[in-house]
Amino acid sequence: TDTDTVLFDTGTSPEILAHNLEILNRDLSQVHNIVLSHGHTDHTGALDWALARTENPRLIAAPGVFTERFSTLDGSFSSIGMPLSRAEVEERSKLTLTEETFTIAAGIALTGDVPRRNTYELPDRRMMVKQDDSYVVDTFIDDRSLVLDTPDGLVLLAGCCHAGIINTLDYVRSTFNRPVVAVVGGIHMKGAGQERIERTIETIQRDYPTIVHFYLNHCTGDEAVRAFEQAFGERVSACPAGLEMVF
């Protein structure tokens with residue numbers, strides 16, 4: 001905004017973030033806030049690098065962001081959690097952990113814990129957390145999205161949307177009491193079954209006719225993107241790295 005700058009997630013590696021910033025002709029020196037959508041390493045892998053190039057920013061996330069996380073996608077338990085400990089982050093930033101909706105700056109808010117209220121947006125059973133001496137399915141209660149309050153309505157900026165896009169939209173509508181006009185980012189439907197894709201689209205068509213733009217990327221999945229394109233036509237746009245939007 002005119003007065004605040006937010007970095008939402010850092011990507012997988014310093015090399016990628018540095019490369020993209022150079023091409024965009026931007027740097028991190030004016031970043032006042034770093035916000036983490038959740039604790040997976042593909043969203044936090046360059047956090048150490050980013051903290052080294054900012055001046056004691058406020059770092060905002062859910063309390064569960066430091067939870068140890070594992071993936072079983074390759075048949076074994078691979079660590080995919082945060083690269084930095086809570087102590088390391090506290091030493092280098094103004095750490096703010098919140099379970100509730102949090103206002104970052106004028107027109108920019110972070111969602112709190114998103115209630116899971118439907119029967120088809122279920123956790124990916126291949127994503128795990130360690131609980132005592134065993135592993136359990138990760139419910140991603142730390143999943144967060146940004147909400148931008150624009151003159152035309154709300155813009156939902158999703159990191160991964162592990163909470164489910166419908167659960168998240170329901171939460172945003174009830175919390176902010178304004179129409180959602182755009183969804184930007186990853187909505188984690190890669191590998192989703194046909195039933196979930198169809199029910200998601202049907203719910204959006206019925207309950208969220210105000211959404212006029214879908215900019216989908218990251219973990220949305222090719223099948224889901226094609227289904228959205230068939231359902232919503234020109235309202236669906238590509239969202240590649242380097243795309244700049246002004247709201």
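User: In this predicted model, how many bridges join β1 to β2, and do the two strands run parallel or antiparallel?
Analyst: The model is predicted, and in it strands β1 and β2 run alongside each other as bridged partners. One of the residues involved is Leu 7, whose bridge partner in β2 is Ile 34. The number of bridges joining β1 to β2 is 3, and the direction in which they run is parallel.

User: Which residue of β3 stands opposite Ile 34?
Analyst: Strand β2 covers residues 33-35 and strand β3 covers residues 58-61, and these two strands pair in the parallel sense over 3 bridges. Ile 34 is also the bridge partner of Leu 7, so to speak a residue met once already in this account. On the β3 side, the residue that stands opposite Ile 34 is Leu 59.

User: In what order do the strands of the parallel open sheet stand?
Analyst: The pairs can be followed one after another, beginning with β1 and β2, which are joined by 3 bridges, and going on to β2 and β3, which pair over 3 bridges. Next, 4 bridges join β3 to strand β6, residues 94-97, and these run parallel, with Arg 58 standing opposite Lys 94 in β6. Put together, the 4 strands form an open sheet in the order β1-β2-β3-β6.

User: Why is one side of β1 and of β6 left without a neighbour in the sheet?
Analyst: The twist of this sheet averages 20° from one strand to the next. Because β1 and β6 stand at the edges, one side of each is left without a neighbour in the sheet, and the reason is that each has a single partner strand.

User: Which are the edge strands of the antiparallel open sheet?
Analyst: This sheet has 4 strands in the order β5-β4-β9-β10, with antiparallel pairing. Within it, 2 bridges join strand β4, residues 69-71, to β5, and Ser 71 stands opposite Ser 78 in β5. The strands that pair on one side only are β5 (78-79) and β10 (134-137).

User: At about what angle do helix α6 and helix α7 pack?
Analyst: Two packed helices are described by the angle between their axes and the distance between the axes. For α6, residues 194-207, and α7, residues 222-232, the axes are 10 Å apart, and the crossing is right-handed. The angle at which they pack is about 35°.

User: How do the residues of the contact of α6 with α7 divide by class?
Analyst: From α6 the contact uses Ile 197, Thr 200, Ile 201, Ile 204 and Gln 205, while α7 brings residues including Glu 223, Ala 227 and Phe 228. Sorted by class, the residues of this contact divide into 8 nonpolar, 2 polar and 1 charged.

User: Which element gives the most to the lining of the largest pocket?
Analyst: About 2,000 Å³ of space lies in the largest pocket, and of the 50 residues that line this pocket, the closest to its centre are Val 6, Leu 7, Phe 8, Leu 157 and Leu 243. By class the lining has 25 nonpolar, 17 polar and 8 charged residues. Several elements each supply at least two residues, among them β1 (6-8), α2 (41-44) and β12 (153-158). The element that gives the most, with 5 residues, is α1.

User: What distance separates the C-alpha atoms of Gly 45 and Asp 4?
Analyst: Gly 45 lies in the loop between α2 and α3, where, not counting residues up to four places away in sequence, Gly 45 touches Thr 10, Gly 11, Thr 12, Ser 13, Pro 14 and Pro 83. Asp 4 is 41 residues apart from Gly 45 along the chain, and the separation of their C-alpha atoms is 23 Å.

Note on methods
Residues are numbered from 1 along each chain as its sequence is written. This is a predicted model: local features need pLDDT of at least 70, side-chain atom pairs count only at pLDDT 80 or more; totals for chains, interfaces and linings use all residues. Side-chain values use heavy atoms; hydrogens and water are left out. On a 1 Å grid over the protein atoms alone, a cavity is a set of points where a 1.4 Å probe fits but cannot get out, and a pocket is an open set with protein on both sides within 12 Å along at least five of seven lines; lining residues have an atom within 4 Å of a point. Grid points are joined across faces, edges and corners, and a volume is the space filled by probe spheres set on the points. Ala, Val, Leu, Ile, Met, Phe, Trp, Tyr, Cys and Pro count as nonpolar, Asp, Glu, Lys and Arg as charged, and the others, Gly among them, as polar. Axes are lines fitted to C-alpha atoms, for helices over the stretch in contact, and angles run from 0 to 180 degrees between N-to-C directions. A crossing is left-handed if the near helix is turned anticlockwise from the far one by less than a right angle, and right-handed if clockwise. Contact means heavy atoms within 4.5 Å. Two strands pair if DSSP finds at least two bridges between them.
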